[in-house]
Amino acid sequence: MTTMTTRTVEYPADGLTMVGHLALPAGGGRRPAVLVGPEGMGLSDVERRRADALAELGYVALAFDIHGGRYLGDPEEMLGRCLPLLADPDRMRGIGHAALGVLCAEPRTDPERIAAVGYGTGGAIALELGRDGVDLRAIGTVNALTTGRPGETARIRCPVWAGVGSEDPIMPPSQRDAFTAEMQAAGVDWRLVVYGGALHAFHHPTVDHPTVPGVGYHPQHARRAWHDVIGLLTECLPVTE
């Protein structure tokens, strides 16, 4: 009996050597695939485990890197890199396309059946791939209600699911409204779930270093958000033998 396998993959993006985590399902043949984007701190075991969980469900999954193999546990350093990145759609798209290229180059990947799931900065990158017209089957984001350049959201050709905490000061109601207005005006098939009482990055287990204000883990909503992500993939990107 074969089991899920993993390997580290290195590839260039944003002037850096990125270090991603590729998880492959058991068996053979092509399978649907999922990009998994990390929070602003960067790729960690949290996203690696999520890629592994997706592989256990039958997906090829790549947890992609955004900081050249580094995890930015210092909030000032993280913001110093992420804020300019989030303000530059072309840089985000470059990081996303590089990861997508790695995923599509994997022989087990069905290149016509790919979804992107991302958290925070990784979710913003997933949305920018959609705004760039990439043929994705679904986009799922948590605390990544970013808006794009005028007119480009109409290029999104798949359902978009977004989750956010009701008490998230980084994604406040005004940001929710701007995001949903943009999706609606573009004719996107969108859904927004607001998790009551949750802060920013509520899905991410507590870390042992300082964080930006407004971050907090909510175990119950973390489980619910993961369930909702799996529901999105089950609907839009089912695994078929």
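This is a short tour of two pockets, one buried aspartate and a set of salt bridges in a predicted model.

**Stop 1: the largest pocket**

Start by selecting Glu39, Met78, Thr121, Ile170 and His200. Out of 39 lining residues, these are the closest to the centre of the largest pocket. The volume here is about 630 Å³.

Now colour three helices: H2 (75–86), H3 (89–105) and H4 (121–131). Each of them gives at least two residues to the lining of this largest pocket. Which helix supplies the largest share of that lining? It's H2, with 6 residues.

If you colour the lining by class, you'll get 21 nonpolar, 14 polar and 4 charged residues.

**Stop 2: the second largest pocket**

Next, clear your selection and pick Val46, Arg49, Arg50, His203, Pro205, Tyr217, Pro219, Ala222, Arg223 and Trp226. Together they line the second largest pocket, which holds about 160 Å³ of space.

Two helices to show here are H1 (45–56) and H6 (219–236), since each puts at least two residues into the lining of the second largest pocket. H6 has the largest share, 4 residues. By class, the lining of this second pocket splits into 6 nonpolar, 1 polar and 3 charged residues.

**Stop 3: aspartate 65**

Go to the loop between strand S4 (60–63) and H2, and you'll find aspartate 65. Is aspartate 65 buried or exposed? It is buried, and it has no salt bridge. Try drawing a distance to arginine 81, the nearest side chain of opposite charge: it is 7.4 Å away.

So what does the side chain of aspartate 65 reach? Select valine 19, whose backbone nitrogen is 2.8 Å from that side chain. Then add histidine 67: its backbone nitrogen lies 3.0 Å from a polar atom of the aspartate 65 side chain.

**Stop 4: a chain of salt bridges**

Side chains of opposite charge can pair when their charged atoms come close. The count for this model comes to 16 salt bridges, and the last stop follows a few of them.

Begin with glutamate 128 and arginine 93, which form a salt bridge with their closest N and O atoms 3.0 Å apart. This pair links distant parts of the chain, with glutamate 128 in helix H4 and arginine 93 in helix H3, 35 residues apart. Both residues are buried.

Stay on arginine 93 and add aspartate 132. Their side chains also meet in a salt bridge, at 3.1 Å from N to O. Here too the pair joins distant parts of the chain: aspartate 132 sits in the loop between H4 and strand S6 (138–142), 39 residues from arginine 93 in H3. Arginine 93 counts as buried because its relative accessibility is 4%, whereas aspartate 132, at 30%, counts as partly exposed.

One more step takes you from aspartate 132 to arginine 155, where a salt bridge has its closest N and O atoms 3.9 Å apart. Look for arginine 155 in the loop between S6 and strand S7 (160–165), 23 residues from aspartate 132. With 38% relative accessibility, arginine 155 counts as partly exposed.

To finish, select Asp90, Arg93, Glu128, Arg131, Asp132, Arg149, Glu152, Arg155 and Glu182 together. Salt bridges link these residues in a network, and the pairs you just visited belong to it.

Definitions and conventions
Residues numbered from 1 in each chain as written. Predicted model: local features only at pLDDT ≥ 70, side-chain atom pairs only at ≥ 80, totals over all residues. Heavy atoms only, no water. 1 Å grid on protein atoms, 1.4 Å probe; cavity = no way out; pocket = protein on both sides within 12 Å on 5 of 7 lines; lining within 4 Å. Points joined across faces, edges and corners; volume = space filled by probe spheres on them. Nonpolar A, V, L, I, M, F, W, Y, C, P; charged D, E, K, R; others polar. Buried < 20%, exposed > 50% of the residue type's maximum accessible area, 1.4 Å probe, protein only. Lys, Arg positive; Asp, Glu negative; His and termini not counted. Salt bridge = Lys/Arg side-chain N within 4 Å of Asp/Glu carboxyl O. Polar contact = N/O pair within 3.5 Å; in protein donor to acceptor, adjacent residues only side chain to side chain.
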